[in-house]
Amino acid sequence: MTETHLDQAACAGCGVKLQTEDQSALGYVPKQALSRTPVICQRCFRIKNYNEVSGITLDQDDFLKLLSHVGTTRSLVVNIVDIFDFEGSLISGLPRFVGNNPVVLAVNKIDLLPKVTNYNKIVNWVQRQAKEFGLKVVEVVLCSAKQNMGFERVVEALDKHRDGRDIYVVGATNVGKSTLINRLIRDYSDLDAELTTSQYPGTTLDLVKIPLDDGTFVIDTPGIVYKHRLTELVSKRDLQKVMPDRPLKPLVFQLNEQQTLFFGSLARFDFVQGARQSFTFYVSNALNVHRTKLERADELYEEHKGEMLAPPAREELELLPKLVKHTVRIPKGKLYDVSISGLGWVKANSDAGADLVIHAPRGVKVAVRESMI
């Protein structure tokens, strides 16, 4: 096939319109691959030959159109969330769109939790959070795609709840969706069957349907990009510092009121008012944490942002949204976390209450929740 014929051409694997311009978009095929017969897009090529699913992403509107279609099918929905960014990776609107279909919540990256964590307590915590979010789940399964932990339990949960249904896999970007899909392909499919496609109403995007041996399909939905996650805003280089790759070593600080902590130039924690108490920070151990007095904090930031206070470097800081203030009141009488989407969370270790101000890039989600650990 030549480039002149590309306008009408569709991928022989998934049916999406082929293009040679944008490697990150659906239908991409390298120019040198046009001579192959049949011509398939790079995504299908990778699934077929390397058992690898590449991350195609969607904005929220298109994603919600896709979800509204799922409610009309008889399916099992597997929602993958990231324990390190639980609030940030939950899909807003999911409870409205899944219809009566059962939902399995696969909670990924549990290898990042401190070694002494009680996993049963985490499961209970996730169930309570999901309920608060309005999401009814038939099962919560903890797993780690990276360490290959817990996948047997995920597969068991799917067997238990599938009952002849297709499996829709949904999740935000960077939550480990493609690793799970690869595992499902390996466990349920011989991969020799042709990949197929289904277009859903209202958008031009196609779903990749991976046929399973029993005649049903695993349906790979594109990852949804949430701009409220810090991980979507930082550069690739800084992403490695922000996203932990080994178990978190909690940082404990005894703080008096009117003290401030900086996390590079990415976020700032002000303890404005309250009794002297300790706070535990669950963030990547590659981040620089700097402590100062609240009265000096603005000046210190202006003088040292992007240098002593890094990441990011000064030139990359220019590309990030400005830090904005979130006034946070930790109520008395219970233990709470404050999460900063994509950066981690802080636990107030006392039930004495506290007045805090969190500074995070504009748009990044800051939430108060019942303590996870």
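**Figure 1. Arg74 pairs up with Asp163 in this predicted model.** Start with the salt bridge between Arg74 and Asp163, where the closest N and O atoms sit 3.1 Å apart. Arg74 belongs to the loop between α2 (60–70) and β2 (75–82), while Asp163 belongs to the loop between α6 (151–162) and β5 (166–171), so the pair ties together parts that are 89 residues apart in sequence. Arg74 is partly exposed, with a relative accessible area of 47%. Asp163 is exposed, at 55%. Side chains of opposite charge can pair when their charged atoms come close. The count of salt bridges in the model comes to 16.

**Figure 2. Glu87 and Arg369 form a buried salt bridge.** Here the closest N and O atoms are 2.7 Å apart. Glu87 lies in helix α3 (residues 86–89) and Arg369 in strand β19 (residues 366–370), so this pair ties together parts that are 282 residues apart in sequence. Are the two partners buried or exposed? Glu87 counts as buried because its relative accessibility is 12%, under the 20% cut-off. Arg369 is buried as well, at 5%.

**Figure 3. Salt bridges link Asp82, Asp85, Lys109 and Arg229.** These four residues are joined into one network by salt bridges that share partners. Take a look at Lys109 while you're here: its phi is near 70°, a positive value in a residue other than glycine. Lys109 is found in the loop between β3 (103–108) and α5 (119–132), and it counts as buried, at 14% relative accessibility.

**Figure 4. Asn148 is another spot with a positive phi.** Asn148 isn't a glycine, yet its phi is positive, near 55°. You'll find Asn148 in the loop between β4 (139–142) and α6. With a relative accessibility of 44%, Asn148 counts as partly exposed.

**Figure 5. Helix α9 has a buried side and another side with exposed residues.** Which residues of α9 (residues 294–304) are buried? They are Leu294, Ala297, Leu300 and Tyr301. These buried residues cover an arc of only 100° around the axis, which puts them on the same side of α9. An α-helix has 3.6 residues a turn, so residues three or four places apart point the same way. Glu295 and Asp298, on the other side of α9, are exposed. The cover over the buried residues of α9 includes β11 (259–263), β12 (267–273), β14 (289–293), α10 (314–317) and β15 (323–330).

**Figure 6. The loop between α9 and α10 holds Pro311 and Pro312.** After α9 comes Gly306, whose phi is positive, near 75°. Further along, a cis peptide bond joins Ala310 and Pro311, with omega about 0°. The peptide bond from Pro311 to Pro312 is cis too, and its omega is near -10°. Also in this view, Glu307 forms a salt bridge with Arg314, with the closest N and O atoms 3.2 Å apart. Arg314 counts as partly exposed, at 30% relative accessibility.

**Figure 7. The largest cavity encloses about 70 Å³ of space.** Rolling a probe the size of a water molecule over the atoms shows where empty space is left. The structure holds two cavities of 30 Å³ or more, and this view shows the largest, whose lining includes Phe263, Arg268, Phe269, Phe281, Val338, Trp345 and Ile358. Two or more lining residues come from each of β12, β13 (277–283), β16 (336–340) and β17 (344–348). Which element gives the largest share of this lining? That's β17, with three residues. By class, the lining of the largest cavity has ten nonpolar residues, one polar and one charged.

**Figure 8. The second largest cavity has a volume of about 40 Å³.** Among the residues lining the second largest cavity are Phe84, Asp85, Phe86, Ser339, Ser341 and Gly342. Glu87 and Arg369 line this cavity too, and they are the salt-bridge partners from Figure 2. At least two lining residues come from each of α3, β16 and β17. How do the residues of this lining divide by class? Four are nonpolar, four polar and three charged. Ile340, Gly344 and Trp345 are in the lining of the second largest cavity and in that of the largest cavity as well.

How values were computed
Residues are numbered from 1 along each chain as its sequence is written. This is a predicted model: local features need pLDDT of at least 70, side-chain atom pairs count only at pLDDT 80 or more; totals for chains, interfaces and linings use all residues. Side-chain values use heavy atoms; hydrogens and water are left out. A salt bridge is a side-chain nitrogen of Lys or Arg within 4 Å of a carboxyl oxygen of Asp or Glu. Helices (H or I, at least four residues) and strands (E, at least two) are DSSP runs, numbered from the N terminus. Buried means under 20% relative accessible area, exposed over 50%, partly exposed in between (1.4 Å probe, protein chains only). The arc is that of the directions from the helix axis to the C-beta atoms. Contact means heavy atoms within 4.5 Å. On a 1 Å grid over the protein atoms alone, a cavity is a set of points where a 1.4 Å probe fits but cannot get out, and a pocket is an open set with protein on both sides within 12 Å along at least five of seven lines; lining residues have an atom within 4 Å of a point. Grid points are joined across faces, edges and corners, and a volume is the space filled by probe spheres set on the points. Ala, Val, Leu, Ile, Met, Phe, Trp, Tyr, Cys and Pro count as nonpolar, Asp, Glu, Lys and Arg as charged, and the others, Gly among them, as polar.
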